[in-house]
Amino acid sequence: MNKKLYAGACFLFLVVFLAVLAPYLCTYHPVDTSLGDAGLPPSREHLFGTDDLGRDVFSRCVYGARVSLAVGFAVALLTTVIGVVVGLVGGYSGGLIDNVLMRVVDTLNSLPNIILSIVILAFFKPGIFNVLAVLALTGWTATARVVRSETLSLKTREFVLAARALGAPDAYLIFFHLLPNVLAPALVAATFSVAHAILAEATLSFLGLGIPPHEPSWGNIMMEEMDDLLVGVWWTVFFPGVLVISTVLAVNFLGEGLKDALEPGRGGKNV
Amino acid sequence: MDLGRYIFKRGSQLLPLLFGISILAFLLIHLSPVDPVEACLGKEEASLLAPEDLAGLRASWGLDRPLYGQYFIWLAHVFQGDFGISHLSGRPALAVIAERIPATLVLMGTGYLLVVVLSIYLGVTSAKRQDTFFDHTCTALSFIFYSTPNFWLALILVYLFSVKLGLLPVCGMASPKALTFSLPELGRHLILPAAVLALSTSPWYIRFLRASMLEVLALDYILLARAKGLPEKMIIFKHALRNALLPFLTLLGLAFPHLIGGAVVIETIFAWPGVGRLLVESALRADYPVVMGLTFLFSVFVLLGNFLADIAYLFVDPRIRYGGEAD
């Protein structure tokens with residue numbers, strides 16, 4: 001019984017459910033303003049209260065979940081594809097190719113992701129596709145490293161040597177022997193990159209460099225309403241943040257659970 | 001391998017990385033569709049300039065040359081300690097950056113110290129009391145803080161301590177009324193940003209130290225120490241912690257990127273006059289020379305952290321020194 005896995009998966013499922021059914025669950029439209037209802041605290045009418053333009057914060061959060069989750073999953077998919085390809089190619093071919101690829105990884109790692117993202121997004125227009133591109137560009141190195149080291153150890157294992165001795169071509173070895181065996185660690189890395197991407201999107205949108213405000217995401221809801229905190233309106237910032245935390249926590253639990261389930265021998269340091 | 005040669009070899013690997021990051025940053029910045037003149041002066045103002053003035057301005061910023069030419073000129077100047085002229089302020093970029101460094105050092109230094117103290121105290125205590133209420137609470141809180149966006153934590157703490165309780169200042173490094181520098185004033189302004197930096201950085205280190213303490217506490221020599229009847233304090237601090245700290249020490253060198261990344265966001269929220277906020281400001285106004293300078297500075301800092309972590313490992317774990325290269 002893997003409690004972390006189930007707890008994480010259940011909560012994540014709930015958030016996905018909310019996001020998918022957003023139009024049926026929300027009684028208010030996320031961008032409809034109603035100045036008469038501005039700044040209302042949480043109530044039965046408005047579960048999470050309303051913001052300074054009278055928009056329903058609950059509806060905005062539910063619609064924001066669509067953007068934030070979409071970014072999280074899309075970035076994880078992109079980073080996993082890039083990371084697996086780079087890791088497999090580098091680890092399998094070794095030599096110059098491996099060296100060049102790993103130096104690229106080192107270069108990207110010599111700047112904190114968030115700084116590289118800020119620099120790039122400031123010079124290209126903020127928007128959902130640029131955010132995706134930037135988070136994918138800065139996020140694949142961890143997966144590549146994991147897959148590469150896995151490939152390095154796999155390629156000296158007997159079953160790979162046997163296949164090679166039987167005359168299997170490189171492409172066959174990579175696709176049918178190495179790829180299936182690196183998928184488990186890659187999946188774990190992908191889960192953690194969902195969490196990273198959700199946090200990074202929220203941070204970038206919060207700095208005004210991510211998703212533009214007309215499309216609510218968890219980060220830009222908080223960015224827009226930040227000033228209201230000073231006059232005591234806490235709910236517009238509090239609730240989207242709680243959603244980010246619980247979703248990221250659920251994804252991290254899922255990742256930890258998957259790690260325990262898929263790589264039982266490799267418990268090691270549980271950090 | 002002998003120590004000096006190892007350090008030299010490891011150190012010489014840093015230069016190509018710096019080249020790499022400078023080329024990457026340069027390309028990304030200069031391929032962007034944002035026009036630096038428009039971003040700096042504002043669209044309206046830029047359109048009011050006469051075309052020849054505009055061309056003159058672009059020429060004085062070196063924008064009329066081809067990309068590789070711009071890069072080599074930038075690089076040649078960097079070797080002379082010249083990072084160009086800031087488009088926004090018209091002063092040397094290096095001076096603009098340098099005057100912001102102390103504020104960041106104060107914030108990061110305090111944050112770093114807090115991370116070390118928090119993670120050693122909480123890591124050791126929760127390992128010592130494994131599976132108690134304290135340990136479970138500490139684990140739960142570490143997971144929660146690990147998943148919390150640092151800006152959200154900052155906003156909530158500002159709301160609680162500044163808006164509701166009125167105890168601490170909302171932002172800045174000193175109150176606008178203060179004419180002279182005073183340490184207590186700085187301290188009051190420092191509490192919230194440093195706390196946010198530490199709380200958002202330390203969970204990972206607490207978990208790591210806890211795990212490494214548990215690993216050490218399960219070893220035979222600890223059992224022997226217990227059998228000898230040594231006091232628990234001595235076992236924990238003298239026998240176990242010393243060994244558990246080895247991997248932790250090198251990890252602290254790798255904390256630099258986390259701290260810098262955190263500082264950028266936190267400085268922006270708290271209007272802390274450091275280099276992190278300078279980065280966001282200059283990036284938003286397309287001030288190339290300052291952004292390039294800061295990118296360079298940050299990567300030097302991160303690479304130096306990695307380098308020190310490697311060297312520290314040599315000293316604390318002699319096996320690596322004699323057993324060949326560290327991975």
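**Exercise 1. Classify A:Asp106 as buried or exposed in this predicted model, and describe its salt bridge.**

Solution.
Step 1. The relative accessibility of A:Asp106 is 19%.
Step 2. Buried means under 20% relative accessible area, so A:Asp106 counts as buried.
Step 3. The side chain of A:Asp106 meets that of A:Arg103 in a salt bridge, with 3.0 Å from N to O.
Step 4. Both residues belong to helix H4 (residues 95–109) of chain A, where three residues, about one turn of the helix, separate them.
Step 5. A:Arg103 has a relative accessible area of 40% and is therefore partly exposed. The pair thus joins a buried residue, A:Asp106, to a partly exposed one, A:Arg103.

**Exercise 2. Determine which parts of chain A are linked by the salt bridge between A:Glu224 and A:Arg55.**

Solution.
Step 1. In this salt bridge, the closest N and O atoms of A:Glu224 and A:Arg55 are 3.4 Å apart.
Step 2. A:Glu224 is located in helix H10 (residues 218–225) of chain A, while A:Arg55 is found in the loop between helix H2 (22–25) and H3.
Step 3. The two residues are 169 residues apart, and the pair links distant parts of the chain.
Step 4. A:Glu224 is partly exposed because its relative accessibility is 27%. A:Arg55, at 7% relative accessible area, is buried.

**Exercise 3. State how exposed B:Arg226 and B:Glu232 are, and identify the residues that shared salt-bridge partners join into one network.**

Solution.
Step 1. B:Arg226 and B:Glu232 form a salt bridge through their side chains, at 2.9 Å from N to O.
Step 2. The relative accessible area is 38% for B:Arg226 and 37% for B:Glu232. Partly exposed residues lie between the 20% and 50% limits, so B:Arg226 is partly exposed, and B:Glu232 is partly exposed as well.
Step 3. In chain A, salt bridges that share partners join A:Arg55, A:Arg60 and A:Glu224 into one network.
Step 4. Over all chains, the count of salt bridges comes to eleven.

**Exercise 4. Describe the surroundings of A:Cys61.**

Solution.
Step 1. A:Cys61 is placed in helix H3 (residues 57–93) of chain A.
Step 2. Its relative accessibility is 1%, and A:Cys61 therefore counts as buried.
Step 3. Leaving aside residues up to four places away in sequence, A:Cys61 touches A:Phe48, A:Trp218, A:Ile221, A:Pro240 and A:Leu243.
Step 4. A:Ala22 lies 39 residues from A:Cys61 in sequence, and the C-alpha atoms of the two are 9.6 Å apart in space.

Technical notes: Residues numbered from 1 in each chain as written. Chains lettered and ligands numbered in written order. Predicted model: local features only at pLDDT ≥ 70, side-chain atom pairs only at ≥ 80, totals over all residues. Heavy atoms only, no water. Helix = DSSP H or I, 4+ residues; strand = E, 2+ residues; numbered from the N terminus. Buried < 20%, exposed > 50% of the residue type's maximum accessible area, 1.4 Å probe, protein only. Contact = heavy atoms within 4.5 Å. Salt bridge = Lys/Arg side-chain N within 4 Å of Asp/Glu carboxyl O.
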